[in-house]
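Here are my notes on this entry, for your review. Please read them with the structure open.

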Amino acid sequence: MRKVPVPGKWISRQECLADASYTCNLFCRYCHNPPSGARTEIGTVIERVRRSGVKSVSLEGCGEPTTNPELPGLIGGLRRAGVRDIMLSTNAVALSDGKLCARIARGVDFFTVNFPSHVEAVYNGATRSVKYVQAVKGLRNLSRLGLEEKVRFFHIIFRDNYRLLPDFVAWVTASHPKCSLVNLTFVRNKGRVNDDKGILPRYSEAGPFIKIALARAKLAGLRAVVQNMPLCALKNFEGFSFEYQRWRRGDEPLEGGLDRPAPAAACRKCSLAPACCGARPDYVRVYGAGELKASKTGPATIKPEKF
Ligand code: SF4
Ligand code: SF4
């Protein structure tokens, strides 16, 4: 039996600290929030968190938190301010330094690793760098520290990697079998994407590969979700949708702060709408809403996958 969603009631409250970083050691083509260089003193961040009483934070930012030399001080200060759970969003490049990795890892409960490809050329093309080897070493260092179960892969689906999704899942299964989650997120047309069809694929192009990747993950016993894909583009795989899982647990499908779905005609007559992320307006601006198909299926009849 599904839980009855309670409108407006959020199950968990995790504060995203967008000022944990202000620069980056990569230059990803699909970056949604490129660093601006604007910097907040860590004392200000810690005091803000202390006053809010938040117990769970995610260290993110416009940039890469591990490039902030004050990151260890920020983590320590947040603990003293009463924070229980700290998640670090990182590209893992700086974690290739074993000592730094161990130092940072001591204060972090979960790592979300932005890793766009297991294929070196695709990774380096996506990140406009030659840092594939370092990122892989950073991931290995986390595994050596016994922290693989605390790693979640964050894999942005874009033009150059969508055909490789099933192989990516096979690579994760072989290289990091104990990781806690693989999150496949369809690229948002924000920041550096800038309406570029060479970065933004169509749902209908990526969908078949996403489904094979999800099936492969399930067969391998790997937990996987897909984010920012309309439910009608995931036919028969809707139970893997992150936003559907949120709805199922009683949250709004979309996290706070994200753009609302485009007001598409298909969505207005679709019974899945309450549990669906819809199409982003920045996607519809480029490709229109012609791929969206209204459904008569009740969302409660969808079987959620393991999450
Ligand atoms: S996506 Fe992340 S790792 Fe890539 S440039 Fe943007 S902030 Fe840096
Ligand atoms: S038609 Fe709209 S609401 Fe229905 S599944 Fe597709 S995107 Fe979601």
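The points below cover confidence, two helix pairs and the two ligand shells.

1. Confidence. This is a predicted model. The mean pLDDT of the protein is 94. Of its residues, 96% reach 70 or more. The weak part is residues 1-11, where the pLDDT is below 50. Beyond near neighbours in sequence, that stretch has 13 contacts in the model. Please treat those contacts with the low pLDDT of residues 1-11 in mind.

2. Helices α1 and α2. Helix α1 covers residues 42-52 and helix α2 covers residues 71-80. Their axes lie 9 Å apart, at an angle of about 25 degrees. Angles under 35 degrees count as roughly parallel, so α1 and α2 are roughly parallel to each other. The crossing is right-handed. On the α1 side, the contact uses I42, V45, I46 and V49. On the α2 side, it uses G73, L74, G77 and L78. By class, this contact has 6 nonpolar and 2 polar residues, with no charged ones.

3. Helices α3 and α5. Helix α3 spans residues 98-105, and helix α5 spans residues 132-144. They pack at an angle of about 55 degrees, with axes 10 Å apart. That angle is neither under 35 degrees nor in the 65 to 115 range for roughly perpendicular. The pair is therefore oblique. Here too a right-handed crossing is found, with α3 passing α5. G98, C101 and A105 of α3 meet G138, N141 and L142 of α5. The residues of this contact divide into 3 nonpolar and 3 polar, and no charged residue takes part.

4. Ligand 1. Which residues are around ligand 1? The set includes three cysteines, C24, C28 and C31. L26, F27 and P34 are also around ligand 1. The rest of the set is G63, E64, N91 and N114. By class, the shell divides into 6 nonpolar, 3 polar and 1 charged. Cys counts as nonpolar in this scheme, a point to keep in mind when reading the shell.

5. Ligand 2. How many residues surround ligand 2? There are 16. The closest are P230, C232, C267, C270 and C276. Among these closest residues are the cysteines C232, C267, C270 and C276. The shell as a whole has 13 nonpolar, 2 polar and 1 charged residues.

Definitions and conventions. Residues numbered from 1 in each chain as written. Chains lettered and ligands numbered in written order. Predicted model: local features only at pLDDT ≥ 70, side-chain atom pairs only at ≥ 80, totals over all residues. Axes fitted to C-alpha atoms, helices over the stretch in contact; angles between N-to-C directions. Helix = DSSP H or I, 4+ residues; strand = E, 2+ residues; numbered from the N terminus. Parallel < 35°, antiparallel > 145°, perpendicular 65-115°, else oblique. Left-handed = near helix turned anticlockwise from the far one by under 90°. Contact = placed C-beta atoms within 7 Å. Near = placed C-beta within 6 Å. pLDDT = per-residue confidence, 0-100.
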